[in-house]
Amino acid sequence: MKKYTAIHDITDLHAWIEEARHLKKDPFAFEHLGKRKTLCMLFFNPSLRTRISTEKAARNLGMEVIILNVGSDSWVLEFEDGTVMNAGSSEHIREAAGVLSQYADVLAVRAFPELKSRTADEDERILTSFIQHASIPVVNMESATAHPLQALSDAITISEQQKTSRPKVVLSWAPHPKALPHAVANSFVQIMKRMPVDLTITHPEGYDLNPEVTGAIPINYNQEEALQEADFVYVKNWSSYLDYGKVLEDPQGVHAKWIMTKEKLGKAQFMHCLPVRRNVVVEDAVLDSTQSLVLEQANNRTYAAQLALKKILADEI
């Protein structure tokens, strides 16, 4: 396996999930694979779970880890070809990726979207540039439009917690004071399409995701109706896709009512990628209940990352 940057890099999802669950039982079974190998983690944006879980995953495999906060620990990078670098950027991606490829065996990159231009964000300039110019495998620790490590963790969590052979899963939009990316929602939808679940998406009108991602998945603008008989409810905010990157005007304050409550959740299990704003996105009564799976999801982030790295180190398909 040469990279893990999107959900389509997963060949057999069922087999991947089973392998991740085995890794969870014996995390050090393959520590010989990473001996004298180095993972270089590049952060263009902040991180808590992704940073720690991916580092832990690498060390479980016997790897050494180098962490670099790009722009503060290093020079500001230039990504455009043919540019005259007489302004803010000091180093070009061509040299930077080439140099890092000599220092490490695997690169992991985290870079959020700017949410200004849909075309620019969907071009995935930072991630794509590292894939293009690095001579070593690349792992996506969240990019402008995708978060495949989080999605794999979510799939593992559902497989562990499901009580029926085909559970109903609802992805529900939630209010948030800031404009947030579509990456988590996109990858969750993509991986759920490959699982034996019935997926429904619910959000206010105007917050439809990229139709190329959602495809034929049912979309319901009535949250409470969509939540009926749900087994898992995944709550996440995202900004508008059509009016790209915007938090839409809400003069009547309707959007605030999309907060997830214990009453709305019913008997379903609650999921969120974290971090989460308490009593804005979801009320305390949900997060503090036994129905919340957020800590299980966070724990599985280690084994999702470990599986991806293992397949790269072993060069498995």
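User: I've got this predicted model open. How much space lies in the second largest pocket?

Analyst: About 400 Å³ of space lies in there. Keep in mind that we're reading a predicted model throughout.

User: Which residues lie nearest the centre of that second largest pocket?

Analyst: Look for E124, T145, A146, N186 and Q190, out of a lining of 24 residues. The elements giving two or more residues to that lining are α4 (118-122), α5 (125-133) and α7. By residue class, the lining has nine nonpolar, 11 polar and four charged members.

User: And what about the largest pocket: how much space lies in it, and which residues are nearest its centre?

Analyst: That one holds about 650 Å³. Its lining has 29 residues, with F112, L180, K236, L274 and P275 lying nearest the centre. Two elements, α2 (49-60) and α7 (183-192), each give two or more residues to this lining. The class split is 15 nonpolar, seven polar and seven charged.

User: K236 belongs to strand β11 (residues 232-236). How should I read a strand's two faces, and are those of β11 covered or open?

Analyst: The general idea first: in a regular strand, side chains alternate between the two faces of the sheet. Now the case here: F232, Y234 and K236 sit on one side of β11, V233 and V235 on the other, and all of them are buried. That's five of five residues in the strand.

User: Which strands pair with β11, and in what sense?

Analyst: Strand β8 (residues 168-173) pairs with β11 in the parallel sense, over five bridges. Strand β12 (residues 269-271) also runs parallel to β11, joined to it by three bridges. V233 is a handy residue to click on: V170 stands opposite V233, and F270 is the bridge partner of V233 in β12.

User: Let's turn to the nonpolar cores. Which residues of the largest one touch the most other members?

Analyst: As a rule, nonpolar side chains in soluble globular proteins tend to be buried together. In this model, the largest nonpolar core has 58 residues, and Y4, L152, L171, I191 and M192 touch the most other members. Helix α12 (residues 294-313) supplies the largest share of this core, seven residues. Apart from that core lies another, of 19 residues, including F79, V109, A111 and I136.

User: What is Y4 in contact with, leaving aside its neighbours within four places in sequence?

Analyst: Among the contacts of Y4 are L152, W16, P148 and L149, plus V138, V139 and N140. Y4 also contacts A308 and I312, as well as D9 and I10.

Key. Residues numbered from 1 in each chain as written. Predicted model: local features only at pLDDT ≥ 70, side-chain atom pairs only at ≥ 80, totals over all residues. Heavy atoms only, no water. 1 Å grid on protein atoms, 1.4 Å probe; cavity = no way out; pocket = protein on both sides within 12 Å on 5 of 7 lines; lining within 4 Å. Points joined across faces, edges and corners; volume = space filled by probe spheres on them. Helix = DSSP H or I, 4+ residues; strand = E, 2+ residues; numbered from the N terminus. Nonpolar A, V, L, I, M, F, W, Y, C, P; charged D, E, K, R; others polar. Core = buried A, V, L, I, M, F, W, Y, C linked by side-chain atoms within 4.5 Å. Buried < 20%, exposed > 50% of the residue type's maximum accessible area, 1.4 Å probe, protein only. Contact = heavy atoms within 4.5 Å. Pairing = 2+ DSSP bridges.
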